[in-house]
Amino acid sequence: MLSDIKFGFRQLTKNLGFTAIAVLTLALGIGVNTAMFSLLNALVFDVSKAPDADRLVCVLRTSPQSQDWPHSPANYYDYKKQATSFEHLAAYCQTNNNLSEPGQPAERLPSMMVTGEFFSIFRIGPLIGRLIGPDDDRDGFNHVAVLSEAFWKSDFASDPQVVGRIVRLDGQQYTIIGVAPTSLENPLAWGHLDLWTPMGLNAEGKASRGNNWMQIVGRLNPGVTAVRAQLEATAIAARLAHDYPDNDAGNSLRVADWNKTLAGDSSSKLSWLCMALAGFVLLIACANLANLQLARMSARLREHAVRLALGATRLQLVRQLLVENILLSILGGSFGVLLATWGTKFLGSEIVIGNVPGYVLPVDMRVLVFTIIASILTGVMVGVVPAWMSSGTNVNTALKQGSKGSDGGGSRHRIRQALVVGELALALLLLAGAGYFVRGMQRFTAADPGWKPDGLITADMSLPFNATYATDEQVHTFLDKLQSKMNALPGVSQSSVSASLPITGPWQSAPFLVEGRPIPDKGKEPLAAFDPVSPGYFSTVGIRLIEGRAVLDSDRAKTVQVAVINEAMARSLWPKESALGKRFREVDPDKMTWVQVVGVVADVHATLEVFRSLDTPFEIYRPLTQIPSDQAHWLSLALRSSAPASMIATSLRAAVQQIDADEPVYTILSARDAMGNITRGLELVSGILRVFALIGLLLAAVGIYGVIANVVAQRSTEIGIRMALGAQPSDVLWMVLGQGMRLSIIGTVIGVAASWGLFRLLGSILPVIHGSDPAAVLLIAAVLIAVALVACWLPARRATLVNPVVALRGD
Amino acid sequence: MSQPLLKLDNVTKVFLTDEVETHALAGIHLEITKGEYVAIAGPSGCGKSTLLSILGLLDTPTGGTYLLNERLVQGLTPAERARIRNREIGFIFQSFNLIGDLSVYENVELPLTYRGMPASDRKARVEEALEKVGMGHRAKHVPSQLSGGQQQRVAVARALAGHPAVLLADEPTGNLDSKNGDAVMELLQSLHRTGSTILMVTHDTRFARHADRTVHLFDGRVVEERVESKE
């Protein structure tokens, strides 16, 4: 083996030109795959840093309308009491806290409320101090906070004495008890968190069954499988549905793998897709190198014949040739890691999580092991066919005829042609995949969303749950003042406040009943998205009013409960009549009041729909002043203005400060930028696929060039004969081009057929981005054939310059 | 006396390699009339093949003039030279130079396809040529299924199919055993008897005697011309 390695190195240094081309090709192929594996590793495999993360599960509420709903506190505590599958079970809820220190501008902190066992589940200790425990999760004892490592570093300058310090959150004093390490953050699932606080629910809060806002996470007992936990959860859900039919009939529970849920379905599938397409790039690179090796083997036939004549077995010869290839691919892999390190830095900088750009994609030990395995496999893939064919050399003939001996030229040539056809088919798939994304994104961006993002500035606020905003009147007063201040801002023509905007999609969905219609079975009621909005919302956001009226100032808590619904709902529920005046109510027993339809507006499409479909096409807009004020704490602001967001930001912040100095306004962006942050991931995927397609196209072009050039070299005598018989240069040119074109067309046809499968797969991952238009595929096929034509033209041109005298003499 | 079909006047050919001048042909004068059978003989390296390449328009002379059918062929474009090769010259090579991937029929048909001849005409010509060389029954075979002698007969048929003005044969028996060599020489003689003009390069004086006239080359010059006696 050692001698094989030494000889392999000698071969590589002897043919520096070949080695350089091969290493570059492999570096591209392996580098792209290493970078994509880093992405997959960070976004899918290595999401949770907790020990024994395979025992972590999340528990979701399901109904016929949804598979991933949150839970009410009462249901959570009942489930926790009855479940035996868990070592630890906890609930959490993402929220915001306003940090407002006297004399300093208020700052919004993304945070999480957790129950007492939350941190025990992850088995990760504090960086300093301690983490939240069961004793903190009690009403009256919950004014403590754990800081995230990043927040501790940025806002507390990594002060080791931070434990015990008091901070003012939502106008109340909290004691910092510790700092949690970065490994507890899970930014993919939760975005960036600055702190954790205990829920500390009182008895009334724990007994609430109608309001679902908690997420559940748990660590299974050793030996308990997710299947067993699921069986238990199903049984508990059935009991809850039986005991509390008003709230839980038709609901069940779903136990899901924590890591998979964290990774997110779309991002996980997209990461796998990128990995698979990177595999295509590597396959094209392998086919290219295998082709090069097959050509090289022809020149080394005599060497192989001598080795065989001297007693080498076929296996020994194959091993020697494979060693050469593996050395080559390890060298290529090493450069590939360098490329991947650069690539992952770039990719990481392009990832946006929670409006914050940048995510570290480490090239860690797992990635390096992947690269080593990929390199060795690549070496074997590239080398095995040429090695096997070369080892079957007819010793007698090869020794007699030297390097021009019997080398199985026919089968070798057929293999080379098959490799090129495969390369071209894969290149077309890459081009088609990139085209699908580009066209799909173009269509998505160009489609009328039903609202007008241009000239719209958006921002977020969250009102704290404290004495300042404890009553409906306090909240409504704030909202009135806020809208009045916003309307008065210079450069702002209209403004509105709502629970959400058509960027991230509706605030929440809930089942409802229509007056005068039969009551469906529990859990089978129609579902609608509910959006609390202020007066002026539709005109500010640019949603067209079709019938009736919009939300007015006069819609107050004590006036008739009204709603504006979208066109899809109106047409579906009242197809042959006006929806105006019709009434509905929510199924939630706490919200039994009938609500009257006073207006119908156009349907809107949220930007986030690019990743996932909404639960329902029905949308109900309610006046903010007619919903319980505890549901009007998370606010989205919309301001129509021709001024840039940065200019409006200052005056908006100042206006809010005048109402409540403790209230920060954050994520002040133009609607286009906010939309861009959501689609940026897809733009990144689109960019990645375009790079893959370009590399694939280049490699395939080089591949077909190599094969046709080799064909010309091998057929120079034949070309000489043809020219001696009177073939014109154009006859020779077309003959060679025809051969290249035949391969190109076969590869293209296979690629086009396979692209339909790819489109179906892409369509299942991102239904909104449907880009499979035949014209684009035909255009891509034409581009591929044109590139192949250029690649074939060079050797074909050379063929026309064959000197028949020399060619015939050479024979 | 009729006009010569081929006429070389003081033709020279000089190869330049690494600043060394090699005079392959040094002032060749040669005339070949229609229907003549001429052998060009001489030792290896005397310039026989170079002369044949020039006569077949595969190569160009460095100096002198070459008239083919009274037409000066120097200065023609590659496309015009290819056209003349295709229509007026039939090549028979030492190593047959059949295309392995083509059938016997397709090999013979090949020069006609370059002429743009309709398929029905080609068929008639190919069948006629193959019958003439006695290979009509092997039309569907590929060269590797034939013996060396049979391959050379196919090569002769390919040369004949275009009804060329002259057949240029470069050591046509060089790769054949004596029995097959004799058969090919018989074939050339029979073609000559039916009016074909043949110019054959050979180093074998035994075969040179089949020709009407033998031109001996040495160091790129014609050193002797001898009319063969036919007894």
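1. Let me start in chain B of this predicted model, with a single bridge: B:Asp9 has B:Thr65 in β4(B) as its bridge partner. That bridge belongs to a longer ladder, in which strand β1 (residues 4-17) of chain B and strand β4 (residues 63-68) of chain B run antiparallel and share five bridges.

2. On to the next strand. β4(B) also pairs with strand β5 (residues 71-72) of chain B, again in the antiparallel sense, over two bridges. You can pick these out by eye: B:Leu67 stands opposite B:Leu72, and B:Leu68 has B:Arg71 as its bridge partner. The two strands make a hairpin with two residues between them. If you keep an eye on backbone torsions, note B:Asn69 in the turn, where phi is positive at about 55 degrees.

3. Now the sheet as a whole. In which order do the four strands of chain B line up? The order is β2-β1-β4-β5, in an open sheet with antiparallel pairing. The edges are taken by β2 (20-33) and β5 of chain B; each has a single partner strand, so one side of each lacks a neighbour in the sheet.

4. Staying in chain B, have a look at B:Ile92, which sits in strand β6 (residues 89-92). Is B:Ile92 buried or exposed? B:Ile92 counts as buried because 26 other C-beta atoms lie within 10 Å, where the cut-off is 20 or more. Beyond residues up to four places away in sequence, B:Ile92 touches B:Ala155, B:Val156, B:Ala159, B:Leu167, B:Ala169, B:Asp170 and B:Pro172. As for B:Leu30, it is 62 residues from B:Ile92 in sequence, and their C-alpha atoms are 20 Å apart in space.

5. Chain A next, beginning with its overall figures. It has 25 helices and 24 strands, and its C-alpha trace spans about 105 × 60 × 55 Å along the principal axes. Of its 811 residues, 47% are buried. Among contacts between residues at least 6 apart in sequence, 83% join residues at least 24 apart.

6. One helix pair in chain A deserves a closer look. Helix α2 (residues 16-45) and helix α14 (residues 365-391) of chain A pack at an angle of about 145 degrees, and their axes are 10 Å apart. The crossing of α2(A) past α14(A) is right-handed. On the α2(A) side the contact includes A:Leu26, A:Ile30 and A:Phe37, while A:Val367, A:Phe370 and A:Ala374 are among the residues they meet in α14(A). By class, the residues of this contact are six nonpolar, eight polar and one charged.

7. Finally, the nonpolar cores. As background, nonpolar side chains in soluble globular proteins tend to be buried together. Which residues have the most contacts inside the largest nonpolar core? They are A:Leu424, A:Leu430, A:Phe692 and A:Ile704, in a core of 187 residues. A second, separate core has 63 residues, including A:Leu501, A:Val533, A:Val597 and A:Met675.

8. A:Leu424 makes a handy place to enter the largest core in your viewer. Setting aside neighbours within four places in sequence, A:Leu424 is in contact with A:Ala700, A:Ile704, A:Leu743, A:Ser744, A:Gly747, A:Thr748, A:Gly751, A:Leu784 and A:Ala788. A:Ile704 appears in that list and is also one of the residues with the most contacts inside the core.

Technical notes
Residues numbered from 1 in each chain as written. Chains lettered and ligands numbered in written order. Predicted model: local features only at pLDDT ≥ 70, side-chain atom pairs only at ≥ 80, totals over all residues. Axes fitted to C-alpha atoms, helices over the stretch in contact; angles between N-to-C directions. Left-handed = near helix turned anticlockwise from the far one by under 90°. Contact = placed C-beta atoms within 7 Å. Nonpolar A, V, L, I, M, F, W, Y, C, P; charged D, E, K, R; others polar. Buried ≥ 20, exposed ≤ 12 C-beta atoms within 10 Å, placed from the backbone. Pairing = 2+ DSSP bridges. Core = buried A, V, L, I, M, F, W, Y, C linked by C-beta atoms within 7 Å.
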